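Here is a structure to get acquainted with. Have a look at the fold, and then we can walk through it together.

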Amino acid sequence: MSATVLYTPDVLALAMDLAAYPLAGDLPHVAEARSATCGSQLRLGLDSGPDERIVRVGISAQACAIGQAAAAIFAKGAQGQSAPELAQARGEIRSWLSGEGPMPGWPDFDTLAAVPDYPGRHGAVLLAWDAAQEALSSLAE
């Protein structure tokens, strides 16, 4: 068993913060993602401005506290981001989780510092970025 603590008070507080981003029915870019490793899932809605940067985020999650905390971290940092920037962040997160890259520079991501030691939670961390990539795929066309 790993010596690092996964569910810290900061992680649990972030999971609670997700309630500030309800999934509204008028968000035009919507997608779902599910973690094959733990069964966590979420539905994500995004709205973008004329410059195709994110202006609003909504999330409905049925996920572990790590998945909820990661989704809250996504929601807090996604505003103002473009689809390519979100895709880049997703790649950085995947690289970090696999031990091949540094911790991503996404705001508050250091709260999840223990996650690489828990491979069963890697999919939960990526849920919001995976759903965002799918939801925004039409913007790249």
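What follows is a tour that starts with the whole chain and then moves to the sheet, a few single residues and the aromatic rings.

Keep in mind from the start that this is a predicted model. The protein chain contains four helices and three strands, and reading from the N terminus the elements come in the order α-β-β-β-α-α-α. How compact is the chain for its 141 residues? Its radius of gyration is 14 Å, close to the 14 Å that the globule rule gives for 141 residues, so the chain is as compact as a globular protein of that length. If you'd like a feel for the dimensions, the C-alpha trace spans about 45 × 30 × 25 Å along its principal axes.

Two more figures describe the chain as a whole. Of its 141 residues, 45% count as buried. Then take the contacts between residues at least 6 apart in sequence: 62% of these join residues at least 24 apart.

Now for the sheet. The three strands make an open sheet in the order β1-β2-β3, and the pairing is antiparallel. On the edges sit β1 (29-34) and β3 (54-62), each of which pairs on one side only. Going from one strand to the next, the twist averages 15°.

Let's take the strand pairs one at a time. β1 and β2 run antiparallel and are joined by six bridges. To see how the two line up, find Val30, which stands opposite Gly45 in β2, and then Ala31, which faces Leu44 in β2. These two strands form a hairpin with six residues between them, and in the turn you'll find Gly39 with a positive phi of about 85°.

On the other side, β2 pairs with β3, again in the antiparallel sense, over eight bridges. Here Asp47 is a handy marker, since Asp47 stands opposite Arg56 in β3. This hairpin has five residues between the strands, and Glu52 takes a positive phi near 65°.

The sheet also has a helix against it. Which strands does helix α2 touch? Helix α2 (residues 65-78) packs on the sheet and touches β2 and β3, with its direction at about 170° to that of β3.

Time to zoom in on a residue of the sheet. Ser48 belongs to strand β2 (residues 41-48). Is Ser48 buried or exposed? The cut-off for buried is under 20% relative accessible area, so Ser48, at 17% relative accessibility, counts as buried. Its side chain makes a polar contact with the side chain of His29, at 3.4 Å.

Another histidine is worth a stop. His122 lies in helix α4 (residues 122-135), and with a relative accessible area of 16% it is buried too. What does His122 touch, leaving aside residues up to four places away in sequence? The answer is Leu97, Val115 and Pro116. With Pro116 there is a polar link: its backbone oxygen lies 3.3 Å from a polar atom of the His122 side chain. His122 also shows how the chain folds back on itself in space: Ser35 is 87 residues away along the chain, yet the C-alpha atoms of the two are separated by 8.3 Å.

Last stop: the aromatic rings. A pair of aromatic rings is described by the distance of the centres and the angle of the planes. Searching the whole structure turns up five aromatic pairs. Why does the pair of Phe74 and Trp129 count as edge-to-face? Their ring centres are 5.2 Å apart and their planes meet at 85°, and planes over 60 degrees apart count as edge-to-face. This pair links distant parts of the chain, with Phe74 in helix α2 and Trp129 in helix α4, 55 residues apart. Both are buried: Phe74 has a relative accessible area of 0%, and Trp129 comes in at 1%.

Trp96 and Phe109 form another edge-to-face pair, 5.3 Å centre to centre with 80° between the planes. Trp96 sits in helix α3 (residues 83-97), while Phe109 is in the loop between α3 and α4, 13 residues apart. Trp96 and Phe109 are buried as well. Put the picture together and you get a cluster, in which ring pairs link Phe74, Trp96, Trp106, Phe109 and Trp129.

Terms used. Residues are numbered from 1 along each chain as its sequence is written. This is a predicted model: local features need pLDDT of at least 70, side-chain atom pairs count only at pLDDT 80 or more; totals for chains, interfaces and linings use all residues. Side-chain values use heavy atoms; hydrogens and water are left out. Buried means under 20% relative accessible area, exposed over 50%, partly exposed in between (1.4 Å probe, protein chains only). A polar contact is a pair of N or O atoms within 3.5 Å; within protein, one must be able to donate a hydrogen and the other to accept it, and residues adjacent in sequence count only if both atoms are side-chain atoms. Two strands pair if DSSP finds at least two bridges between them. Axes are lines fitted to C-alpha atoms, for helices over the stretch in contact, and angles run from 0 to 180 degrees between N-to-C directions. Contact means heavy atoms within 4.5 Å. Rings of Phe, Tyr and Trp (its six-membered ring) pair if their centres lie within 6.5 Å; planes under 30 degrees apart count as stacked, over 60 as edge-to-face and the rest as tilted. The radius of gyration is taken over C-alpha atoms; the globule rule is 2.2 Å times the number of residues to the power 0.38.
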